[in-house]
Amino acid sequence: QAFRYERSVGLLFHAEVDGAQVDDMSRAFAAELARAGTSPAALAQGSGEYGEGLREIGLKIFCRFAAEL
């Protein structure tokens with residue numbers, strides 16, 4: 001999620017994370033993932049498949065966000 005109010009901009013997700021951080025977070029929140037019907041292993045697979053492309057997008061988002069400050 002993202003929002004803008006006047007000159008304020010907010011992001012409600014972690015666009016900056018890399019694969020290792022996804023792995024760390026997924027292990028830390030394994031019980032919550034199980035309740036959502038997935039697992040750390042499933043996230044690791046997606047992270048490996050899409051991680052680098054998503055990291056590039058995250059960096060673009062951050063740079064554009066920072067340019068607004």
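**Exercise 1. Burial and overall form**

What percentage of the 69 residues of the protein count as buried? Then describe the surface and the overall dimensions.

*Solution.*
Step 1. Remember that this is a predicted model.
Step 2. Apply the cut-off: buried means under 20% relative accessible area. Of the 69 residues, 12% count as buried.
Step 3. Turn to the surface. The protein exposes about 5500 Å². Carbon and sulfur atoms supply 58% of that area.
Step 4. Take the radius of gyration. The protein has 14 Å, while a compact globule of 69 residues would have a value near 11 Å.
Step 5. Add the extents. Along its principal axes, the C-alpha trace spans about 40 × 25 × 15 Å.

**Exercise 2. Elements and their order**

Count the helices and strands, then give the pattern along the sequence.

*Solution.*
Step 1. Count the elements. There are 3 helices and 2 strands.
Step 2. Read along the sequence. The pattern is β-β-α-α-α.
Step 3. Look at contacts between residues at least 6 apart in sequence. Of these, 41% join residues at least 24 apart.

**Exercise 3. How two helices pack**

Describe how helix 1 and helix 3 are arranged, and list the residues that meet.

*Solution.*
Step 1. Decide what to report. Two packed helices are described by the angle between their axes and the distance between the axes.
Step 2. Find both values. Helix 1 (residues 19-28) and helix 3 (residues 40-67) pack at about 170°, and their axes are 9 Å apart.
Step 3. Classify the angle. Angles over 145 degrees count as roughly antiparallel. Therefore helix 1 is roughly antiparallel to helix 3.
Step 4. List the contact residues. Helix 1 brings Gly 19, Val 22, Asp 23, Ser 26 and Arg 27. Helix 3 brings Pro 40, Leu 43, Ala 44 and Ser 47.
Step 5. Sort them by type. The contact of helix 1 with helix 3 has 4 nonpolar, 3 polar and 2 charged residues.

**Exercise 4. A residue in a loop**

Locate Glu 6, comment on its phi angle, and decide: buried or exposed?

*Solution.*
Step 1. Locate Glu 6. It sits in the loop between strand 1 (2-5) and strand 2 (8-11).
Step 2. Check phi. For Glu 6 the angle is near 55°, a positive value in a residue other than glycine.
Step 3. Check accessibility. Exposed means over 50% relative accessible area. Glu 6 is at 62%, so it counts as exposed.

**Exercise 5. Far in sequence: what distance in space?**

For Ala 20, Met 25 and Ala 66, give the helix, the exposure and one C-alpha distance to a partner.

*Solution.*
Step 1. Start with Ala 20. It is in helix 1. Its relative accessible area is 48%, so it is partly exposed. Gly 51 is 31 residues away along the chain, and the two C-alpha atoms are separated by 9.5 Å.
Step 2. Go on to Met 25. This residue is also in helix 1. It counts as partly exposed, at 33% relative accessibility. Pro 40 is 15 residues from Met 25 in sequence and 8.6 Å from it in space, C-alpha to C-alpha.
Step 3. Finish with Ala 66. Its place is helix 3. Ala 66 is partly exposed, with a relative accessible area of 33%. Val 9 is 57 residues from Ala 66 in sequence, yet the C-alpha atoms are 9.9 Å apart.

Definitions and conventions. Residues numbered from 1 in each chain as written. Predicted model: local features only at pLDDT ≥ 70, side-chain atom pairs only at ≥ 80, totals over all residues. Heavy atoms only, no water. Axes fitted to C-alpha atoms, helices over the stretch in contact; angles between N-to-C directions. Helix = DSSP H or I, 4+ residues; strand = E, 2+ residues; numbered from the N terminus. Parallel < 35°, antiparallel > 145°, perpendicular 65-115°, else oblique. Contact = heavy atoms within 4.5 Å. Nonpolar A, V, L, I, M, F, W, Y, C, P; charged D, E, K, R; others polar. Rg over C-alpha atoms; globule rule 2.2 N^0.38 Å. Buried < 20%, exposed > 50% of the residue type's maximum accessible area, 1.4 Å probe, protein only. Areas by Shrake-Rupley, 256 points an atom, 1.4 Å probe, with all protein chains shown as cover.
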